[in-house]
Amino acid sequence: MDDFTLLYGDDSIPVAGSFPQAGHYLPSFMLVDEHKRDVALEVFGGSPKAIITLLSLDENEHGGLALLQDTRRFLESWPELAIIVITVDSPSSLLRCRREHGLPGVTLLSTLRGRDFHKQYGVLALGYPLSGYTVPAMLIADGDNLIHYAERLHNSKGRFDQDAIAALLAAAETPDSTASS
């Protein structure tokens with residue numbers, strides 16, 4: 001476990017769990033989609049992916065829907081990237097959010113039946129008023145689930161480092177100059 005806190009307004013919220021780092025593999029998970037179906041990480045096998053955890057899609061200002069919409073617009077430049085958003089919201093809340101906001105190209109998952117996810121991904125908020133929530137974070141992994149980028153936000157009103165992510169994804173698109181023709 002590492003020592004990490006999230007600033008939420010004036011509150012400093014301790015965060016538990018081991019946050020995966022670049023060079024590690026994504027821990028396996030089994031979560032629930034908006035139709036109450038179980039969804040495992042393996043469903044996305046072979047595809048590069050961005051896993052984004054948020055406080056809640058019902059939050060706007062603090063690590064919620066506004067952050068997702070901003071990040072999704074940014075990631076649209078890489079259509080091969082599967083965008084997987086994970087929150088503590090119930091499947092019914094995810095379905096309502098899908099109906100109200102569309103969110104094309106985004107898989108919405110709930111930790112309702114996968115509470116071990118919070119600690120395995122190092123995103124478990126421990127302090128009031130966020131105890132039990134998933135803090136905002138992003139992991140970018142390749143088709144083999146090898147992590148190339150890992151970021152947890154220090155402030156619930158923050159944004160992910162789009163410059164660093166763009167540089168990473170642009171480099172991944174560059175053909176290998178050592179490949180023979």
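1. The lining of the largest cavity is a good place to start in this predicted model. Its largest share, three residues, comes from S9. Strand S9 covers residues 137-141, and S5 also supplies at least two residues of this lining. The full set is Phe19, Ile51, Thr53, Phe117, Tyr121, Val123, Ala137, Met138 and Leu139. If you colour these residues by type, you will find eight nonpolar, one polar and no charged. The volume of this cavity is about 40 Å³, and the count of cavities of 30 Å³ or more comes to one.

2. Stay with S9 for a moment and look at its partner. S9 pairs with strand S10 (residues 147-152) in the antiparallel sense, over five bridges. To find the register, pick Leu139, which stands opposite Ala150 in S10. Leu139 is also among the residues that line the largest cavity. The two strands form a hairpin with five residues between them. In that turn, Asn145 has a positive phi of about 70°.

3. S9 turns up again at the largest pocket. Which elements give two or more residues to the lining of the largest pocket, whose volume is about 160 Å³? They are S9 and helix H4, which spans 162-173. H4 gives the largest share, four residues. The whole lining consists of Pro48, Trp78, Glu80, Leu81, Ile140, Ala141, Asp142, His148, Leu168, Leu169, Ala172 and Glu173. By type, this lining divides into eight nonpolar, one polar and three charged residues. The lining of the largest cavity, for its part, has no charged residues.

4. Next, have a look at strand S6, residues 82-87. Six of its six residues are buried. The burial holds for both faces: Ala82, Ile84 and Ile86 lie on one side, while Ile83, Val85 and Thr87 lie on the other.

5. S6 has a parallel partner in S5 and another in S7. Strand S5 (residues 49-53) pairs with S6 through five bridges, in the parallel sense. Strand S7 (residues 106-110) also runs parallel to S6, and five bridges join them. Ile83 is a handy residue for seeing both pairings. Ala50 stands opposite Ile83, and in S7 the bridge partner of Ile83 is Val106.

6. The helices that link these strands are worth tracing by eye. Going from S5 through helix H1 (residues 65-75) to S6, you follow a right-handed β-α-β unit. Going on from S6 through helix H2 (residues 91-101) to S7, you follow another unit described in those terms, a right-handed β-α-β unit.

7. Which residues of H2 are buried? They are Pro91, Ser93, Leu94, Leu95, Cys97 and Arg98. An α-helix has 3.6 residues a turn, so residues three or four places apart point the same way. With that in mind, try looking down the axis of H2 with Leu94, Cys97 and Arg98, which are among its buried residues, switched on. The cover over the buried residues of H2 includes strand S3 (30-33), H1, S6 and S7. Just after H2, Gly102 takes a positive phi of about 75°.

8. Glu61 is a residue I would point out in the loops. Glu61 is found in the loop between S5 and H1. Is Glu61 buried, partly exposed or exposed? Its relative accessibility is 49%, so Glu61 counts as partly exposed, since exposed means over 50%. Leaving aside residues up to four places away in sequence, Glu61 touches Ser156 and Lys157. As for Arg99, it is 38 residues from Glu61 in sequence and 20 Å away in space, C-alpha to C-alpha.

9. Finally, do not overlook the sheet that includes the start of the chain. This open sheet has three strands in the order S1-S2-S8, with antiparallel pairing. Its edge strands are S1 (4-8) and S8 (124-125), each of which pairs on one side only. S1 and strand S2 (residues 11-16) run antiparallel, joined by five bridges. As a marker for this pairing, use Phe4, whose bridge partner in S2 is Val15.

Notes: Residues are numbered from 1 along each chain as its sequence is written. This is a predicted model: local features need pLDDT of at least 70, side-chain atom pairs count only at pLDDT 80 or more; totals for chains, interfaces and linings use all residues. Side-chain values use heavy atoms; hydrogens and water are left out. Buried means under 20% relative accessible area, exposed over 50%, partly exposed in between (1.4 Å probe, protein chains only). Two strands pair if DSSP finds at least two bridges between them. A crossover is right-handed if, with the strands pointing away from the viewer, the path from the first strand over the helix to the second runs clockwise. On a 1 Å grid over the protein atoms alone, a cavity is a set of points where a 1.4 Å probe fits but cannot get out, and a pocket is an open set with protein on both sides within 12 Å along at least five of seven lines; lining residues have an atom within 4 Å of a point. Grid points are joined across faces, edges and corners, and a volume is the space filled by probe spheres set on the points. Ala, Val, Leu, Ile, Met, Phe, Trp, Tyr, Cys and Pro count as nonpolar, Asp, Glu, Lys and Arg as charged, and the others, Gly among them, as polar. Contact means heavy atoms within 4.5 Å.
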